[in-house]
Amino acid sequence: MISLIEVLSKAFFKIVHVITSLAPIGAFGAMAFTIGKHGIESLLPMMKLIGTFYLPAFLFVIFGLSMVAKACGFSIFSFLAFIKDELLIVLGTSTSEAVLPQLMEKLERLGCSRRIVELIVPTGYSFNLDGTNIYMTLAVLFLAQATNMHITVMQGGDAACGDHADVEGIHGCDRRGIHHACCQPVGRANRAGNSDGADPRH
């Protein structure tokens with residue numbers, strides 16, 4: 001049974017390799033369509049949103065992960081250089097799931113135990129979603145602005161803490177997690193005295 005699973009895993013990884021090689025082309029096509037139909041100015045709000053996300057993500061990697069890596073005895077910058085190809089795919093597809101097979105293979109070539117890689121990497125993908133936590137908090141603020149609701153600093157912190165719990169295992173329940181993380185804090189803000197009475201479900 002284990003041998004069968006390993007054979008199927010290798011076949012699945014090869015399929016994912018093909019898909020991830022074409023994914024950046026698909027992302028480029030989507031952007032080209034948007035620009036062609038609505039003009040280049042249609043990307044400006046999205047660029048601001050992406051910039052707002054990548055700034056805290058960059059600071060988290062430079063300061064947060066670098067300290068963790070240093071405590072474990074290696075340089076985060078050397079590791080980022082080692083997985084630069086995977087990072088470019090993540091940048092083009094906006095999801096780290098696309099590089100899961102390649103990342104596992106690279107870690108094995110680096111010298112990590114196969115059993116450890118097969119346990120730690122998929123587990124980290126499901127229960128250590130730091131980037132998703134940042135994104136979900138940003139989504140709360142995005143929905144608040146879209147519905148013209150005022151969120152205080154305390155409510156923003158509440159959303160960030162709530163999102164940290166919501167993103168655990170979110171890969172298996174994206175829609176439910178997004179709805180809970182985005183609408184619940186906005187709903188609390190609405191009940192706190194929002195003057196326009198907007199329905200957070202909208």
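**Figure 1. Ser 66 and the residues it touches.** Leaving aside residues up to four places away in sequence, Ser 66 touches Val 61 and Ile 76. Do keep in mind, as you look through these views, that the model is predicted. Ser 66 belongs to helix H2, which covers residues 44-72. With a relative accessibility of 17%, Ser 66 counts as buried, because buried means under 20% relative accessible area.

**Figure 2. The chain as a whole, for orientation.** Before the next close-ups, here is the setting: the chain has 9 helices and 0 strands. Its pattern, followed along the sequence, reads α-α-α-α-α-α-α-α-α. Of the 202 residues in the chain, 26% are buried. Taking contacts between residues at least 6 apart in sequence, 62% join residues at least 24 apart.

**Figure 3. Helix H2 packed with helix H7.** We return to H2 (residues 44-72), which here packs with H7 (residues 130-146) at an angle of about 145°. The two helix axes are 10 Å apart, and the crossing of H2 and H7 is right-handed. On the H2 side, the contact is made by Leu 49, Thr 52, Phe 53, Pro 56, Ala 57 and Phe 60. H7 brings Asp 130, Gly 131, Ile 134, Tyr 135, Leu 138 and Phe 142 to the contact. Sorted by class, the contact of H2 with H7 has 9 nonpolar, 2 polar and 1 charged residues.

**Figure 4. Two aromatic pairs.** The structure holds 2 aromatic pairs, and this view takes them in turn. In one of them, Phe 53 and Tyr 54 are edge-to-face, with 5.2 Å centre to centre and 75° between the planes. You may recognise Phe 53 from the contact of H2 with H7. Its partner Tyr 54 counts as partly exposed, at 35% relative accessibility. Phe 74 and Phe 79 also form an edge-to-face pair, at 6.3 Å centre to centre and with 70° between the planes. Phe 74 is partly exposed at 41% relative accessibility, and Phe 79 is partly exposed with a relative accessible area of 23%.

**Figure 5. Helix H5 and its buried residues.** Helix H5 spans residues 100-110, and its buried residues are Pro 101, Gln 102, Leu 103, Met 104, Lys 106 and Leu 107. What do the buried residues of H5 pack against? Their partners are helix H1 (2-38), helix H3 (76-82), H4 and helix H6 (114-127). Lys 106, one of the buried residues of H5, has its charged end over the ring of Phe 82, 5.3 Å from the ring centre. Phe 82 lies within the residue range of H3 (76-82). Just after H5 comes Gly 111, which takes a positive phi of about 120°.

**Figure 6. Gly 92 and Pro 24.** For the last view, find Gly 92 in helix H4 (residues 84-93). H4 is among the helices that the buried residues of H5 pack against. Is Gly 92 buried or partly exposed? At a relative accessibility of 26%, Gly 92 counts as partly exposed. How many residues along the chain separate Gly 92 and Pro 24? They are 68 residues apart along the chain, while their C-alpha atoms are separated by 5.0 Å. Pro 24 falls within the residue range of H1 (2-38).

Note on methods. Residues numbered from 1 in each chain as written. Predicted model: local features only at pLDDT ≥ 70, side-chain atom pairs only at ≥ 80, totals over all residues. Heavy atoms only, no water. Axes fitted to C-alpha atoms, helices over the stretch in contact; angles between N-to-C directions. Helix = DSSP H or I, 4+ residues; strand = E, 2+ residues; numbered from the N terminus. Left-handed = near helix turned anticlockwise from the far one by under 90°. Contact = heavy atoms within 4.5 Å. Nonpolar A, V, L, I, M, F, W, Y, C, P; charged D, E, K, R; others polar. Phe/Tyr/Trp six-rings, centres within 6.5 Å; stacked < 30°, edge-to-face > 60°. Buried < 20%, exposed > 50% of the residue type's maximum accessible area, 1.4 Å probe, protein only. Lys NZ or Arg CZ within 6 Å of the ring centre and 35° of its normal.
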